[in-house]
Amino acid sequence: MKIADQKTKAVDLVREALEKAKQYEDYHCFISMNEARAIEKAREIDERIAKGEKVGRLAGVPYALKDNYLSPEGVTTAAAKMLDNFPAPITATAVKRLEDEGAIMIGRTNLDAYAQGSSTENSFFGPTKNAADPTRVAGGSSGGSAVAVALGIVEFALGSDTGGSIRQPASFNGIYGIKPTYGTVSRYGVVAMASSTDTMGCFAQNADDINLVMDVMAGKDDKDSTTLEKFWKDQLPAAKEKKIGLITDFMGDGVDPEVVRCVNEYAEKMKKAGYTVEEISIPMLKYGLAIYYIVQPAEVASNLSRYDGVRYGLRSAKAHDLDSLYQETRNEGFMPENQRRILIGNFVLSSGYFDAYYLKAQKARTLLIRAYKEAFEKVDVLLCPVAPAPAFKFGEKTDDPLAMYMEDVMSVPQSLAGIPSISVPAGKTKDNLPVGAQLCAWRGNDQMLLSIAKHVEEKD
Amino acid sequence: MSITREDVLHLATLSNISIAEDEIEPLQAKLDDIVGYISQLDELDTEGVEPTYQCFDMKNVWRADEITEFEAKRDDLLALTTECEDHQIKVPKVL
């Protein structure tokens with residue numbers, strides 16, 4: 001990563017990123033730019049460097065911010081009409097930590113509204129185009145951030161991952177993405193989706209850059225009581241864990257043969273780098289998606305109840321009394337997918353269905369976590385695809401929510417178990433579309449995954 | 001379990017979302033698909049299994065009972081509302 005110093009000017013780094021952002025405007029990575037403020041901050045950093053003052057570990061590094069992180073520059077929209085004029089009164093802890101180390105936000109990136117979706121087509125501001133093939137989706141929900149890194153506009157970008165929203169777009173655009181152990185990075189100041197699986201992570205072109213950004217963001221935050229004590233170290237550990245389990249349940253029916261080929265080739269690269277790869281079956285994983293589409297909508301229904309048109313955000317002009325204020329605001333301000341999730345969430349939580357759906361899912365979640373624990377007694381790392389197929393064409397799945405949910409089938413089980421999982425570039429299909437491999441480990445072993453990925457890349 | 005038109009209307013009321021008449025039928029079909037899919041958990045035996053609501057099994061996480069300065073000022077927060085008078089948020093009449 002290029003960091004400002006006596007030779008490299010922060011202003012040049014920021015200007016270059018802003019120019020590239022303009023050059024690739026057609027891809028629609030960004031919802032809003034932060035040009036004036038970014039250049040001003042870069043100048044401040046250059047002045048401090050010129051004076052010989054100490055600057056941060058990310059001094060002058062331009063980055064892109066998923067537009068569901070709150071910060072006072074401009075507005076934070078979460079790509080929803082509900083918030084399209086919301087000047088955030090607070091700053092997300094993750095953003096504050098990056099800015100304290102000198103990183104400079106150049107713009108806010110596109111997402112599926114409220115981070116709900118797997119293609120970035122569900123944005124109030126229109127979709128983002130895939131970096132490798134602009135006729136295809138970026139993946140999602142952190143599609144804008146993934147494409148901004150893949151196109152080389154910025155060297156890193158923030159995303160959030162509740163069920164695959166960093167990993168799947170990383171895979172679709174051929175870059176690295178991390179969903180860390182639950183609780184690694186504070187959720188404070190990020191628009192809440194499903195609180196028990198919301199994790200904050202990032203995209204970059206290599207494992208070392210991911211490591212640096214995560215090291216800056218990770219650690220306890222008094223404002224998020226679920227954050228863990230900092231376990232992240234500045235250096236990646238040596239890649240000494242050697243036993244890899246290739247999940248056969250995700251390599252068969254319903255998975256694109258080109259995806260299977262790329263992941264198998266990645267497994268071969270791992271063997272070449274000295275790892276043992278054995279097949280492992282975890283039948284419980286196939287229930288992950290059904291569990292997730294009960295737990296997550298239930299949490300969405302609760303978290304999105306705050307958008308009522310009263311305190312902030314949109315207020316419908318159609319309102320004539322308090323009830324219609326709520327109902328019309330929530331009809332206008334949410335995208336159809338947000339509404340479906342709220343309805344499903346209230347269904348699984350409603351009297352008469354709570355035990356059969358919500359409670360059942362939370363019990364099944366316990367079984368899923370047990371299955372992971374057993375698997376990690378046999379192997380150090382699990383390997384599988386990130387998604388069943390490469391990036392799809394625009395509109396292909398927009399009218400079929402269940403088909404869109406299937407995108408998440410290989411990424412949600414890890415989210416439910418709170419374990420770390422990274423997406424690494426594994427190859428390309430015959431149509432030249434990027435395919436990612438997913439590496440997962442038990443909680444707290446995030447850096448082990450990065451060091452293995454780095455090692456495999458070096459030995460290739 | 002299949003989702004009826006009445007279910008959709010009931011869920012819309014619970015969710016405080018108004019739904020246009022012509023949206024009800026397509027929504028009913030989509031919700032029915034989703035509920036059909038998630039019902040596959042019926043296959044699992046979860047007898048005697050404890051639910052997991054939070055991965056790390058955290059109990060109460062306490063902080064010191066001290067007043068701290070909040071980063072936003074009252075006026076900044078009230079400025080986010082559509083209608084405000086004398087530091088009070090205004091809404092349409094309830095009754």
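Mentor: Let's start at A:Thr120, which sits in the loop between strand 3 and helix 4 of chain A. Helices (H or I, at least four residues) and strands (E, at least two) are DSSP runs, numbered from the N terminus. Before we go on: this is a predicted model, where local features need pLDDT of at least 70 and side-chain atom pairs count only at pLDDT 80 or more, while totals for chains, interfaces and linings use all residues. Residues are numbered from 1 along each chain as its sequence is written, and chains are lettered from A and ligands numbered from 1 in the order in which they are written.

Trainee: Got it. Why does A:Thr120 count as buried or exposed?

Mentor: A residue is buried if 20 or more other C-beta atoms, placed from the backbone, lie within 10 Å of its own, exposed if 12 or fewer, and partly exposed in between. A:Thr120 has 34 such neighbours, so it counts as buried.

Trainee: What is the phi of A:Thr120?

Mentor: It's positive, about 65°, even though A:Thr120 is not a glycine. Most residues other than glycine have a negative phi. A:Ala115 lies in that loop between strand 3 and helix 4 of chain A as well, and has a positive phi of about 60° without being a glycine. Count 29 C-beta neighbours inside 10 Å and you see why A:Ala115 is called buried.

Trainee: And which peptide bond is cis?

Mentor: The bond from A:Gly140 to A:Ser141, with omega near 15°. A:Ser141 also belongs to the loop between strand 3 and helix 4 (143–150) of chain A. Most peptide bonds are trans.

Trainee: Now the sheet. What makes strand 1 and strand 8 of chain A stand at the edges?

Mentor: First, the order: the sheet is open, with 11 strands of chain A running 1-3-2-4-6-5-10-11-9-7-8 and mixed pairing. Two strands pair if DSSP finds at least two bridges between them. Strand 1 (30–33) and strand 8 (276–280) of chain A each have a single partner strand, so one side of each has no neighbour in the sheet. The twist averages 30° from one strand to the next.

Trainee: How do you know that strand 5 and strand 6 of chain A pair?

Mentor: Strand 5 (176–179) and strand 6 (199–204) of chain A share 3 bridges in the antiparallel sense, and the rule asks for at least two, so they pair. A:Tyr176 stands opposite A:Ala204, and A:Gly177 is bridged to A:Phe203. Strand 5 of chain A also pairs with strand 10 (421–428) of chain A, again antiparallel over 3 bridges, with A:Lys179 opposite A:Ser421.

Trainee: Which way do the residues of strand 5 of chain A point?

Mentor: A:Tyr176 and A:Ile178 go one way, A:Gly177 and A:Lys179 the other, and all are buried.

Trainee: What does A:Ile31 touch?

Mentor: A:Ile31 is in strand 1 of chain A, and its 25 C-beta neighbours inside 10 Å make it buried. Residues are in contact if their C-beta atoms, placed from the backbone, lie within 7 Å. Beyond four places in sequence, the contacts of A:Ile31 include A:Asp67, A:Arg108 and A:Phe125.

Trainee: Which residues touch the most other members of the largest nonpolar core?

Mentor: A:Tyr63, A:Phe203 and A:Ile294, in a core of 169 residues. Such a core is a set of buried Ala, Val, Leu, Ile, Met, Phe, Trp, Tyr and Cys residues joined through C-beta atoms within 7 Å. Helix 8 (288–303) of chain A gives this core its largest share, 10 residues. Among the residues that A:Ile294 touches are A:Tyr357 and B:Ile38.

Trainee: So how many residues of chain B are in contact with chain A?

Mentor: There are 40, meeting 51 residues of chain A. Helix 2 (21–38) of chain B is among the helices that supply at least two residues of that side, and helix 2 of chain B gives the most, with 6.

Trainee: What is the radius of gyration of chain B against that of a compact globule?

Mentor: Chain B has 23 Å, whereas a compact globule of 95 residues would be near 12 Å. The radius is taken over C-alpha atoms, and the globule rule is 2.2 Å times the number of residues to the power 0.38. Of those 95 residues, 16% count as buried. Chain B has 3 helices and 2 strands, in the order α-α-α-β-β from the N terminus.

How values were computed
Two residues are in contact if their C-beta atoms, placed from the backbone, lie within 7 Å. Axes are lines fitted to C-alpha atoms, for helices over the stretch in contact, and angles run from 0 to 180 degrees between N-to-C directions.
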